[in-house]
Amino acid sequence: MRKSKFSESQIVGILAEGDAGLAVAEICRKHGISNALYYQWKSKYAGVSVNELKRIRELESENSRLKKMYAELALENTAIKDVLSRKL
């Protein structure tokens, strides 16, 4: 997937312009984006502040790390149970 040339804080700023009452077509022309992209951003980032975005990103990172830890422990647990069942 291609990385956006806009940061999340810039996206929130662009959406704020729309909330301020500027026409969507004008905003899109000004920033060089399509109407479809504007509405995709609006559905994804509507009502979210920059601080909340940072917190969400941190939580997603932590969640990913914990899932990886769980998978490793589950695999280890299965291996230990397999070894113990062979001994008995």
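# Briefing: an all-helix chain in outline

The protein chain contains four helices and zero strands in its secondary structure, and the model in which they appear is a predicted one. Followed along the sequence, these elements give the pattern α-α-α-α. The points below go from the overall form of the chain to its surface and charges, then to three of its salt bridges and one loop residue.

**Overall form**

- The protein chain has a radius of gyration of 22 Å, whereas a compact globule of 88 residues would have a value near 12 Å.
- When the C-alpha trace of the protein chain is laid along its principal axes, it spans about 75 × 25 × 20 Å.
- If we take the contacts in the protein chain that have a separation of 6 or more, 47% of them are accounted for by residues 24 or more positions apart.

**Surface and charge**

- Among the 88 residues of the protein chain, 18% count as buried.
- The accessible surface of the protein chain amounts to about 7200 Å², and carbon and sulfur atoms contribute 56% of that surface.
- The protein chain carries 16 positive and 11 negative charges, and the mean positions of these two sets lie 4 Å apart.

**Salt bridges between helices**

- The structure holds four salt bridges, and one of them joins the side chains of Glu8 and Arg57, with a distance of 2.3 Å from N to O.
- Because Glu8 belongs to helix 1 (residues 8-19) and Arg57 to helix 4 (residues 50-87), this pair ties together parts of the chain that are 49 residues apart in sequence.
- Glu8 is partly exposed, since its relative accessible area is 26%, and Arg57 also counts as partly exposed, with a relative accessibility of 44%.
- Another salt bridge is formed by Glu17 and Lys30, whose closest N and O atoms are 3.6 Å apart.
- This second pair links distant parts of the chain, with Glu17 in helix 1 and Lys30 in helix 2, 13 residues apart.
- Glu17 has a relative accessibility of 18% and therefore counts as buried, because the cut-off for that label is under 20%.
- Lys30, its partner, has a relative accessibility of 57% and so counts as exposed, given that this label applies over 50%.

**A salt bridge within helix 4**

- The side chains of Asp82 and Arg86 meet in a salt bridge as well, and here the distance from N to O is 3.0 Å.
- Both Asp82 and Arg86 lie in helix 4, where they are four residues apart, which corresponds to about one turn of the helix.
- Asp82 is partly exposed, having a relative accessible area of 35%, while Arg86 is exposed, with a relative accessible area of 65%.

**A glycine in a loop**

- Gly32 is found in the loop that runs between helix 2 (24-31) and helix 3 (35-45).
- With a relative accessible area of 55%, Gly32 counts as exposed.
- Gly32 and Ile11 are separated by 21 residues in sequence, and the distance between them in space is 12 Å from C-alpha to C-alpha.

How values were computed:
Residues numbered from 1 in each chain as written. Predicted model: local features only at pLDDT ≥ 70, side-chain atom pairs only at ≥ 80, totals over all residues. Heavy atoms only, no water. Helix = DSSP H or I, 4+ residues; strand = E, 2+ residues; numbered from the N terminus. Rg over C-alpha atoms; globule rule 2.2 N^0.38 Å. Buried < 20%, exposed > 50% of the residue type's maximum accessible area, 1.4 Å probe, protein only. Contact = heavy atoms within 4.5 Å. Areas by Shrake-Rupley, 256 points an atom, 1.4 Å probe, with all protein chains shown as cover. Lys, Arg positive; Asp, Glu negative; His and termini not counted. Charge placed at Lys NZ, Arg CZ, Asp CG, Glu CD.
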